[in-house]
Amino acid sequence: MRQTRTRRRARIAAIGIALTAALATVSPLGAGTANAAPSAPAELVIPAERNAAPDAGRLQVAGATGFLRGDRETGLKWVPYNGGTVTPYANPDGGRLFGTGRDVIARLSGAQDKVEFTDVHGETTTTVAIPSGQRFAAVMGTEVVTHEYKDGVVVAVHALSVVDGVAKDRTVWGFRPGTTDISVWSGDNPKGFFLSYQLDGVKRTAWIRAETLGLWTLENARSVSAAGGYVFIVTPEKRLQVWGADVFGGQGPLRELDWPEDATPIGMVGNNVITRSAYDPDEATLTAYSADGGPGRVVLTQVRGDTRGTPDGRLLAVRFGGEGIRTVHALRNDINGGELRVDTVHQIPLVPTSRHRIAVAQGELSSVDQIPWEQPRLRGTRLSATEPVTAQPVQDRGTGADFGAHCAQESDCPTLVPTGDGRVVYQNSRQNLVLLDAGKQLPGTTVVEGGVVGDVEASGRYVSFLSLNSTQKVLDLDTGKTVLGRGGFVGQATSLEGGTLWSESATAGTIDALDVRTGTSLRSVKVADCSLKDLQVRGSSVYWKCDAASGVTDLDAKTTISLPGHDTAVLGEGYVAHAQAGTLSLTPLRGDDRATRTIGRPADARPGFGWAVDRFGGHLAWVDDLQRTHVTPSGVRTPDVTVVDSVQPTGLLDRKATAPQTWSAKWWFSKPVRRWSVTFVSESGAQRTLQGWEQIRGALEVTWDGTDSAGQPMPDGLYAWTLSAEPEDELVGIELRQYGEVALTRLTSLASGRYQPVTPARVMDTRNGTGVAKAKIGPGGTVTLQVTGRGGVPASNAVSAVVLNVTATNPTASTFVSAYPYGTTRTSASNLNVVAGQTVPNLVVVPVKDGKVTFYNRNGSLDLLADVAGYYWPGQLGSLYEPVTPTRLMDTRSGVGVPKAKLGADKTVSLTVAGQGGVPAGDVTAVVLNVTATNPTASTFVSVYPYGTTRTSASNLNVVAGQTVPNLVVVPVKDGKVTFYNRSGSIDLLADVAGYYSP
């Protein structure tokens with residue numbers, strides 16, 4: 001499969017964008033260069049989500065100069081009426097709080113054995129101990145009201161205090177003999193409290209004045225309440241009596257008026273009785289009734305929580321407005337005698353959502369957000385792929401057991417690792433690896449059960465991680481199978497880029513690239529003169545860090561840029577983001593201006609915690625102390641869109657297969673794509689185009705069933721396909737194109753199509769590392785050989801099979817060798833049967849899958865050689881096989897076909913095959929010969945190749961002195977002839993024709 005990029009010249013000329021930016025070696029960038037770039041691109045700032053704390057509007061107490069709001073979970077705050085500084089109030093054991101009518105707060109201890117009177121900051125000024133045998137009941141100003149128990153029954157009510165360091169104890173008086181069931185049921189009023197008792201079988205209610213502690217029983221009251229300096233009694237006649245709390249019982253009521261049946265008084269402000277609607281406590285309405293009579297009027301709506309009276313006669317209430325806005329209002333009497341006024345004294349601040357983890361890939365920003373007083377949640381935000389950057393509304397993806405109640409605790413909050421195709425993986429606290437598919441809700445799918453200890457990286461379909469026993473593993477997320485596992489990786493720097501795993505070799509500063517699918521070593525590059533502590537690869541850029549140095553090496557230009565000192569860094573597309581001492585900076589790797597510029601100070605300076613880099617042509621995202629998310633464009637021109645990884649499409653679509661077959665391909669792009677098409681064109685001109693206009697972020701998967709747009713089968717033949725993909729940031733003017741072939745056929749054999757002979761060429765030799773690693777194949781071992789694109793075989797997945805002359809040599813034990821299609825299950829079939837110490841060749845026709853074939857050795861160890869003779873190719877090109885009755889065409893012993901003479905050392909003999917033994921005189925491309933070597937005087941090898949061409953290193957027979965060895969040979973024909981070569985000694989050769997290939 002080939003890949004090119006089409007340049008849109010007119011568009012580029014119009015906007016004047018440079019097409020390439022060569023990396024030149026530059027001097028090290030020192031810390032002094034970290035200044036703001038003169039043309040730093042505009043960033044997007046996503047405001048922090050603001051939330052109303054559940055109980056932040058709860059009024060605890062009201063004092064002379066301020067009030068206390070909040071609770072233990074949301075935090076207690078002292079708020080001055082005059083708009084002064086709001087200060088926290090310390091309540092370490094969460095004890096109940098009571099007002100005193102002053103700037104003193106009463107705090108009942110958690111053990112309820114004392115009441116501490118504190119200042120507005122929570123500092124204790126006086127402590128009132130509750131004696132044994134007494135239990136807390138209420139607070140009355142600076143006194144503590146208690147029940148005294150005897151044999152489990154309340155026998156007295158006390159008012160305890162400490163005055164000038166001396167404990168005082170007063171007792172409520174006025175109970176008549178026979179009084180039982182005494183219970184204090186209201187408090188938090190410096191003027192007094194209510195209690196109930198039973199006498200003569202009747203339950204009664206009494207008001208206890210603070211001044212005297214005398215018992216004043218309320219007779220014939222439908223309901224009673226008290227607030228501030230007033231006691232309210234609703235009579236059976238539906239009249240409201242307003243009494244002064246400190247003179248109640250001694251004189252008549254201060255006011256008396258008709259009263260609505262369902263109204264409950266909660267306070268008195270000036271000449272107005274304030275009521276609260278009882279039908280909806282969460283959305284209550286406050287209504288004012290003039291003490292002079294008349295209908296009520298609404299003064300405040302949407303009230304929640306308790307109201308509190310202030311020492312100066314105001315009434316505080318919290319109103320819950322729209323969008324979570326909560327304000328504290330004070331109802332007060334107009335000093336000029338006007339109507340009741342409602343003043344705003346405080347707006348309760350909203351609490352931001354905390355962003356504890358952040359990741360971004362292909363413009364998809366993922367985060368773990370701690371909404372106050374809720375379970376942490378996984379959320380997603382889609383960013384635009386073009387500038388200026390915009391953000392779509394946040395999408396909630398749920399929560400689960402992997403996200404603990406307090407995400408700030410690292411063990412409860414996994415770090416997100418995006419794959420670049422919309423998926424996210426993470427390691428949870430149980431050492432599981434969890435996958436969440438694009439757009440899906442939690443919980444995800446556990447793809448590795450236990451044993452994942454860290455170093456999780458993901459790129460497309462692959463994820464690498466460190467497992468137990470210091471083993472580095474690579475998992476294919478699409479199949480769920482582990483494709484690579486290597487030991488001894490503790491502390492070793494690695495980086496995963498598509499299907500390539502980079503790691504530091506045994507030589508310090510040298511990195512090796514490994515194909516995770518085959519385990520094949522791809523390349524080895526020296527990037528530093530020190531042992532690496534960190535390694536990141538993106539395209540041709542390699543970020544590396546040692547103890548005393550760091551830099552970015554361009555593998556193509558073979559240049560290195562040194563970086564300023566930093567603690568952590570993440571390699572982006574054309575830039576490096578790095579943090580030091582809490583400051584985040586960015587160093588461009590391309591363009592004319594490569595000065596390091598300061599980005600800001602994240603709330604958490606660790607990558608993945610407070611900032612992240614979009615490695616797929618995107619920007620830098622970071623969270624500040626106010627929990628705002630900044631999306632900062634790098635200012636560096638992104639390179640052309642490329643394919644990071646792909647699933648190679650099949651080259652054969654069998655229309656007669658029992659199970660329906662489809663042509664299927666998948667590509668992972670380096671940055672977002674806005675539109676795409678795949679066009680299939682046959683040799684006869686038949687055409688089908690598949691296309692899409694939707695945005696692709698990460699992976700594109702395309703399937704074709706061999707039909708046209710009407711769903712009808714298209715003609716058999718070889719189809720050339722072309723993928724076109726236009727990047728979302730189209731102004732850079734680059735369109736990606738890839739090419740390949742697929743054959744529509746009605747054959748069911750993998751080795752189908754026409755045969756195309758090639759000049760024999762050696763494509764594998766384990767003795768010297770040709771085609772595969774230089775190493776013998778051990779017992780039960782396999783080796784995979786790339787055959788397409790080598791030895792004359794085209795680099796196309798349309799190749800269905802190859803013809804190889806396979807030679808086994810240097811075997812240490814008797815064994816057999818099997819050759820079979822790569823990626824398939826090996827059967828029990830064998831191709832070579834070898835005795836220890838023997839060299840055995842054989843001609844093999846083996847199907848090709850993904851351009852590869854695999855070899856298996858059963859016992860001992862041995863070397864394998866493979867010489868390609870031809871391949872099978874669908875379509876109209878190539879040759880068809882025609883068998884003939886086997887006929888001897890050559891025998892050097894009797895002079896059949898050639899002179900009667902042994903073939904000497906380093907000598908050749910040419911045989912005319914055209915027009916002989918049933919082979920046509922013309923249009924023959926190759927012949928199939930059974931060649932036998934006999935009477936050798938020395939160990940040698942024999943090669944058969946096209947007449948008039950240069951012999952390659954390929955061999956067809958390997959012979960030991962005195963041995964007779966046959967082998968089947970498929971050899972191209974040139975000018976009607978083929979040539980035989982003998983390496984050593986002298987030898988007789990016989991050749992029997994079995995068939996031929998012709999167009």
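**Exercise 1. Is Ser541 buried or exposed?**

*Solution.* The model is a predicted one. Begin with the location: Ser541 belongs to strand S49, which spans residues 541-545. The relative accessible area of Ser541 is 8%. The cut-off for a buried residue is under 20%, so Ser541 is classed as buried. To see its surroundings, set aside the neighbours within four places in sequence; Ser541 then contacts Gln536, Val552, Thr553 and Leu571.

**Exercise 2. Locate Val527 and describe its environment.**

*Solution.* First, place the residue: Val527 sits in the loop that links strand S47 (521-526) and strand S48 (534-538). Second, consider accessibility: with a relative value of 8%, Val527 counts as buried. Third, list the contacts. When residues up to four places away in sequence are not counted, Val527 touches Gly509, Ile511, Leu532, Val542, Trp544 and Thr553. Finally, compare sequence and space for one pair: Val527 and Val552 are separated by 25 residues in sequence, while their C-alpha atoms are 8.5 Å apart.

**Exercise 3. Determine which strands stand at the edges of the sheet S36-S37-S38-S39.**

*Solution.* Start from the strand order: four strands form an open sheet, arranged S36-S37-S38-S39 with antiparallel pairing. Strand S36 (417-418) and strand S39 (445-448) each have a single partner strand, so these two are the edges and one side of each lacks a neighbour in the sheet. Next, examine an inner pairing. Strand S37 (residues 424-427) and strand S38 (residues 433-436) run antiparallel and are joined by four bridges. Within this pairing, Val424 lies opposite Leu436 of S38.

**Exercise 4. Trace the pairing of strand S54 with S53 and with S55.**

*Solution.* Take S53 as the starting point. Strand S53 (residues 575-580) pairs with S54 in the antiparallel sense, over six bridges. Here Ala579 has Leu584 of S54 as its bridge partner. The connection between S53 and S54 is a hairpin with two residues between the strands, and Ala581 in the turn has a positive phi of about 55°.

Now turn to S55. Three bridges connect S54 with strand S55 (residues 597-600), and this pair is also antiparallel. Leu584 reappears in this pairing, with Gly600 of S55 as its bridge partner. As a last step, check burial: five of the six residues in strand S54 (residues 583-588) are buried, and the strand is mostly covered.

**Exercise 5. Which residues have the most contacts inside the largest nonpolar core, and which strand supplies its largest share?**

*Solution.* The largest nonpolar core contains 34 residues, and those with the most contacts inside it are Met764, Leu785, Val802, Leu804, Val853, Phe855 and Leu864. Several strands each supply at least two residues of this core, including strand S67 (754-765), strand S69 (801-809) and strand S74 (863-873). The largest share, five residues, is provided by S74.

Leu804 may serve as an example. Neighbours within four places in sequence aside, Leu804 contacts Val763, Asn842, Leu843, Val844, Val846, Val853, Phe855, Asp867 and Val868. Another core, of 29 residues, lies apart from the largest one; among its members are Val884, Val909, Val944 and Val973.

**Exercise 6. Characterise the second largest cavity.**

*Solution.* A search of the whole structure yields four cavities of 30 Å³ or more. The second largest has a volume of about 40 Å³. Its lining includes Gln362, Asp421, Phe616, Val644, Trp668 and Phe669. Sorted by class, the lining comprises four nonpolar, five polar and one charged residues.

Definitions and conventions:
Residues numbered from 1 in each chain as written. Predicted model: local features only at pLDDT ≥ 70, side-chain atom pairs only at ≥ 80, totals over all residues. Heavy atoms only, no water. 1 Å grid on protein atoms, 1.4 Å probe; cavity = no way out; pocket = protein on both sides within 12 Å on 5 of 7 lines; lining within 4 Å. Points joined across faces, edges and corners; volume = space filled by probe spheres on them. Nonpolar A, V, L, I, M, F, W, Y, C, P; charged D, E, K, R; others polar. Pairing = 2+ DSSP bridges. Buried < 20%, exposed > 50% of the residue type's maximum accessible area, 1.4 Å probe, protein only. Core = buried A, V, L, I, M, F, W, Y, C linked by side-chain atoms within 4.5 Å. Contact = heavy atoms within 4.5 Å.
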